[in-house]
Amino acid sequence: MKLTLKEIAKKFDCSVEDIAIVDEKFKPLGEYNRGETVMIGGREWIVFNHLPDGTTQLVTKEFWLKNVKFDENSNDYSKSAIRDRLNTELYPELVSTVGKENIIKHTVDLTTLDGRKNFGCCEDFVSLPTFDFVRANIDVFDKYKDYVDDWGFLATAFSTEDTGYKYNVCCLLPNGCIGGNYCDCSKGVRAFCIFKSSILVSCE
């Protein structure tokens, strides 16, 4: 049996204006568990950590871009070509999907794999994951390693020019290991972002 809105309102002794049509496929991002995936802007994102300030860390399940260079001649993420692409191509796309107010600027710590602080930090709305983030969440990355078929760049440099590693960047291999490759090699790019946990997303 199908009821009209007027009939439903009469049945529950309320007005038509009091009735909300709810799509049960959508729920707040904060209600999804760590390791689950959600759809944002037609792309699947992996849910990582819900933070105390009401925000959630996510990484794209598959590569946002494939066969792209980190940069032509530098392993400093803050000056890299891939950082520019993330912020000029993917960020506007996300703004049009969830709204600028729901994307949280985060600090990208560019401490190198061997602990050097030469590159400092930078702030972005969307970035590459860092080595430290991957290491802390390798269990979740391992769960989705079959969805990528190439090395994926990280924001973390292997070391610095002073030690003879001007061009080497850390990468996450498909098998879950961390390796280093040249910045001008063509590899994959997974994007890292922090959204407000209150935005409505679906798992389809």
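The lining of the largest pocket in this predicted model is mostly a matter of polar and charged side chains: by class there are five polar and five charged residues, with one nonpolar residue making up the rest. You can pick the residues out along the chain: Asn73, Ser74, Asn75, Asp76 and Lys79, then Asn118 and Phe119, and finally Thr160, Glu161, Asp162 and Lys166. Together they line a space of about 160 Å³.

Now for the enclosed space. Rolling a probe the size of a water molecule over the atoms shows where empty space is left. Here the count comes to one cavity of 30 Å³ or more, with a volume of about 110 Å³. It has 14 lining residues, and Phe63, Phe141, Gly152, Leu172 and Arg190 are the closest to its centre. Strand β9 (residues 152-157) gives the largest share of that lining, three residues. What does the lining of this cavity look like by class? It has 10 nonpolar, two polar and two charged residues.

On to the packing. In soluble globular proteins, nonpolar side chains tend to be buried together. The largest nonpolar core in this model has 36 residues, and the ones with the most contacts inside it are Val38, Ile40, Trp45, Tyr77, Leu86, Leu128 and Phe195. Quite a few elements chip in: β2 (37-40), β3 (43-51), β5 (65-69), α2 (81-98), β9, β10 (168-172) and β13 (192-196) each supply at least two residues. Helix α2 brings the largest share, six residues.

Leu128 is a handy place to look around from. Setting aside neighbours within four places in sequence, Leu128 is in contact with Phe70, Tyr77, Ile82 and Leu86, with Phe153, Leu154 and Ala155, and with Val189, Arg190 and Phe192. One of those contacts, Leu154, belongs to a second, separate core of 14 residues, which also includes Ile46, Val59 and Tyr144.

Finally, follow the chain through two hairpins that share β3. β2 and β3 pair in the antiparallel sense over four bridges, and Thr37 has Ile46 in β3 as its bridge partner. Two residues sit between these strands, and Gly41 takes a positive phi near 65 degrees in this hairpin. β3 then pairs with β4 (residues 55-60), again in the antiparallel sense, over five bridges. Leu51 stands opposite Thr55 in β4. Which residue takes a positive phi in the hairpin of β3 and β4? That is Gly54, with a value near 85 degrees, in a hairpin with three residues between the strands.

Notes: Residues are numbered from 1 along each chain as its sequence is written. This is a predicted model: local features need pLDDT of at least 70, side-chain atom pairs count only at pLDDT 80 or more; totals for chains, interfaces and linings use all residues. Side-chain values use heavy atoms; hydrogens and water are left out. On a 1 Å grid over the protein atoms alone, a cavity is a set of points where a 1.4 Å probe fits but cannot get out, and a pocket is an open set with protein on both sides within 12 Å along at least five of seven lines; lining residues have an atom within 4 Å of a point. Grid points are joined across faces, edges and corners, and a volume is the space filled by probe spheres set on the points. Ala, Val, Leu, Ile, Met, Phe, Trp, Tyr, Cys and Pro count as nonpolar, Asp, Glu, Lys and Arg as charged, and the others, Gly among them, as polar. A nonpolar core is a set of buried Ala, Val, Leu, Ile, Met, Phe, Trp, Tyr and Cys residues joined through side-chain atoms within 4.5 Å. Buried means under 20% relative accessible area, exposed over 50%, partly exposed in between (1.4 Å probe, protein chains only). Contact means heavy atoms within 4.5 Å. Two strands pair if DSSP finds at least two bridges between them.
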